[in-house]
Amino acid sequence: MEGKDQLSDPLDRLGDGDGGEVIDRVASGERITVTRSGKPVAELRPLRPAIPAEVLIKRREYLPVIDTRALRADVDALLDGSL
């Protein structure tokens, strides 16, 4: 394998059964950039675990209150309304 985080032409370089090793590395937290002819074409990375809805709802309690009129005034001041 080419470097710690790169696979070069993986379909050519990986033999049958080698894909499992790559998946194991990704599952353990490693990010791997897949290249073809030296150019990055994809990134393999571990998925983040889903956050339960109950946790997200609880987090909402800690969000700041937004003054929507002040926000609108700020946006209007920054943007050209004629666009």
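Here are some notes on the helices, the hairpin, the salt bridges and a surface patch in this predicted model.

1. Ground rules. This is a predicted model, in which local features need pLDDT of at least 70 and side-chain atom pairs count only at pLDDT 80 or more, while totals for chains, interfaces and linings use all residues. Residues are numbered from 1 along each chain as its sequence is written, and side-chain values use heavy atoms, with hydrogens and water left out.

2. Helix α2. Take a look at α2, residues 19-27 (helices here are DSSP runs of H or I, at least four residues; strands are E runs, at least two; both are numbered from the N terminus). Val22, Arg25 and Val26 are buried there (buried is under 20% relative accessible area, exposed over 50%, partly exposed in between, with a 1.4 Å probe and protein chains only). These three sit on the same side of α2, because they cover an arc of only 100° around the axis (the arc is that of the directions from the helix axis to the C-beta atoms). On the other side, Ile23, Asp24 and Ala27 are exposed. After α2 comes Gly29, with a positive phi near 115°.

3. A buried charge pair. Arg25 forms a salt bridge with Glu30, their closest N and O atoms being 2.6 Å apart (a salt bridge means a side-chain nitrogen of Lys or Arg within 4 Å of a carboxyl oxygen of Asp or Glu). Arg25 is buried at a relative accessible area of 15%, and Glu30 also counts as buried, at 18%.

4. The hairpin. Strands β2 (residues 32-36) and β3 run antiparallel, joined by 5 bridges (strands pair if DSSP finds at least two bridges between them). Arg36 has Lys39 in β3 as its bridge partner. The hairpin leaves 2 residues between the strands, and Ser37 in the turn has a positive phi of about 55°. β3 has 6 residues (39-44), and the number buried is 0, so this strand lies largely in the open.

5. A tie across the sequence. Glu43 and Arg31 form a salt bridge with closest N and O atoms 3.9 Å apart. Glu43 is in β3 and Arg31 in the loop between α2 and β2, so the pair ties together parts 12 residues apart in sequence. Glu43 counts as partly exposed at 43% relative accessibility, as does Arg31 at 49%.

6. Within α4. Asp76 forms a salt bridge with Arg72, the closest N and O atoms being 3.1 Å apart. Both lie in helix α4, 4 residues apart, about one turn of the helix. Arg72 is exposed, at 55%.
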